[in-house]
Amino acid sequence: MDEIIRIENLYKSFDALKVLEGINLTIKRQEVVSIIGASGSGKSTLLRCLNLLEEPDSGHIIFEGSDLTDLNTNINKLREKIGIVFQSFNLFQNKNVLDNCTLALQTVKKMSREEAEAIAIKHLTNVGLEDFIYTDSNVLSGGQKQRVAIARALCMNPDIMLFDEPTSALDPEIVQEVLDVMKDLAEQGMTMVVVTHEMVFAKEVSDRVVFMDNGVILEEGSPKEIFEKPKEARTREFLARYLGG
């Protein structure tokens with residue numbers, strides 16, 4: 001597997017608060033990397049830096065050979081290849097499901113409505129929403145909204161998908177329907193970086209798990225290494241709390 005993203009010596013602060021301190025990480029194509037750690041460890045900030053939703057203070061993010069931090073890079077063009085799904089869905093509540101998925105295809109990729117709708121319907125069907133294509137977004141359940149958000153991102157045919165705690169805003173009984181969609185994507189070979197508190201997902205679906213603490217990557221390895229034989233005391237402490245010992 002060749003690399004798709006390489007992060008080099010990344011730093012980010014918010015005023016006096018140091019959030020990322022010298023992050024180095026490489027993501028390979030078709031790899032699923034789960035980023036775990038306590039709240040405030042820098043996980044979501046790192047993820048948001050990967051398409052410059054947050055601008056790092058220093059360091060480099062090389063995506064498919066282009067440095068996102070270079071002022072000469074066409075960041076908007078590269079963002080088309082980087083899908084992102086937020087914990088809060090970020091759907092257009094005044095649009096139906098189909099229109100949420102076709103908007104970027106028509107405005108960014110300049111597709112005809114017919115072509116955009118065909119692509120959107122395909123992806124909505126793949127996430128199990130074929131019966132909700134014309135439904136108003138504001139009447140959907142949280143799980144349905146998140147599946148629309150995933151389908152919308154997939155419509156752009158991204159090379160990588162970023163997930164920022166995609167189940168944290170969902171009721172526990174509907175978390176699994178979103179995780180199942182993500183698992184299917186992983187099995188289809190989609191490159192994914194997932195910030196998550198879902199330890200079972202991280203253990204069963206990930207190729208690699210990254211544990212962050214206080215703005216640094218404290219430990220990374222295979223799920224077996226991280227969950228069964230963590231090297232760092234802080235990793236063991238975190239996992240004991242989340243996995244009940």
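**Figure 1. Surroundings of Thr45 in the predicted model.** Leaving aside its neighbours within four places in sequence, Thr45 is in contact with Lys12, Phe14, Val19, Leu20 and Glu54. This view, like those that follow, shows a predicted model. Thr45 belongs to helix H1, which covers residues 43-49. The relative accessibility of Thr45 is 13%, and Thr45 therefore counts as buried, since buried means under 20%.

**Figure 2. The open sheet of 4 strands.** The strands of this sheet follow the order S2-S1-S4-S5, and their pairing is antiparallel. At the edges stand strand S2 (17-28) and strand S5 (66-67); each has a single partner strand, so one side of each is left without a neighbour in the sheet. Strand S1 (residues 3-14) and strand S4 (residues 58-63) run antiparallel and are joined by 5 bridges. A residue pair can be picked out here: Glu8 has His60 of S4 standing opposite.

**Figure 3. Leu78 in helix H2.** Helix H2 contains Leu78. The relative accessible area of Leu78 is 11%, so this residue is buried. When neighbours within four places in sequence are left aside, the residues in contact with Leu78 are Phe63, Ser66, Leu68 and Thr73. The view also relates Leu78 to Asp159: the two are 81 residues apart in sequence, while their C-alpha atoms are 9.9 Å apart in space.

**Figure 4. The open sheet of 6 strands and a helix packed on it.** With mixed pairing, the strands of this sheet take the order S6-S7-S8-S3-S9-S10. Strand S6 (82-85) and strand S10 (216-221) are the edge strands, and each of them pairs on one side only. From one strand to the next, the twist averages 20°. Helix H5 (residues 142-155) packs on the sheet and touches both S6 and strand S7 (160-164). The direction of H5 makes about 170° with that of S6.

**Figure 5. Strands S9 and S10 and the turn between them.** Strand S9 (residues 208-213) runs antiparallel to S10, and 5 bridges join the two. Phe211 has Glu219 in S10 as its bridge partner, and Val210 stands opposite Glu220 in S10. The two strands form a hairpin with 2 residues between them. Asn214, in the turn, has a positive phi of about 50°. Helix H9 (residues 233-242) lies across strand S3 (32-36), S9 and S10. With respect to S9, helix H9 runs at about 100°.

**Figure 6. The largest pocket.** The space in this pocket is about 570 Å³. Its lining is made up of 22 residues, and those closest to the centre are Arg79, Ile84, Ala104, Arg152 and Met156. The elements giving two or more residues to this lining are helix H2 (75-79), S6, helix H3 (97-107) and H5. Helix H2 is the helix that holds Leu78 of Figure 3. By type, the lining residues of the largest pocket comprise 13 nonpolar, 6 polar and 3 charged.

**Figure 7. The second largest pocket.** About 250 Å³ of space lies in this pocket. There are 13 lining residues, of which His123, Asn126, Leu154, Leu185 and Gln188 lie nearest the centre. Two or more residues of the lining come from each of helix H4 (113-126), H5 and helix H6 (175-187). The lining of the second largest pocket divides into 7 nonpolar, 4 polar and 2 charged residues.

**Figure 8. Two loop residues with positive phi.** Most residues other than glycine have a negative phi. Gln30, a residue other than glycine, nevertheless has a positive phi near 65°. Gln30 lies in the loop between S2 and S3. With a relative accessibility of 51%, Gln30 counts as exposed, because exposed means over 50%. Lys110 is not a glycine either, and its phi is positive, at about 60°. The loop between H3 and H4 is the place of Lys110. The relative accessibility of Lys110 is 65%, so this residue likewise counts as exposed.

How values were computed: Residues are numbered from 1 along each chain as its sequence is written. This is a predicted model: local features need pLDDT of at least 70, side-chain atom pairs count only at pLDDT 80 or more; totals for chains, interfaces and linings use all residues. Side-chain values use heavy atoms; hydrogens and water are left out. Two strands pair if DSSP finds at least two bridges between them. Axes are lines fitted to C-alpha atoms, for helices over the stretch in contact, and angles run from 0 to 180 degrees between N-to-C directions. Contact means heavy atoms within 4.5 Å. On a 1 Å grid over the protein atoms alone, a cavity is a set of points where a 1.4 Å probe fits but cannot get out, and a pocket is an open set with protein on both sides within 12 Å along at least five of seven lines; lining residues have an atom within 4 Å of a point. Grid points are joined across faces, edges and corners, and a volume is the space filled by probe spheres set on the points. Ala, Val, Leu, Ile, Met, Phe, Trp, Tyr, Cys and Pro count as nonpolar, Asp, Glu, Lys and Arg as charged, and the others, Gly among them, as polar. Buried means under 20% relative accessible area, exposed over 50%, partly exposed in between (1.4 Å probe, protein chains only).
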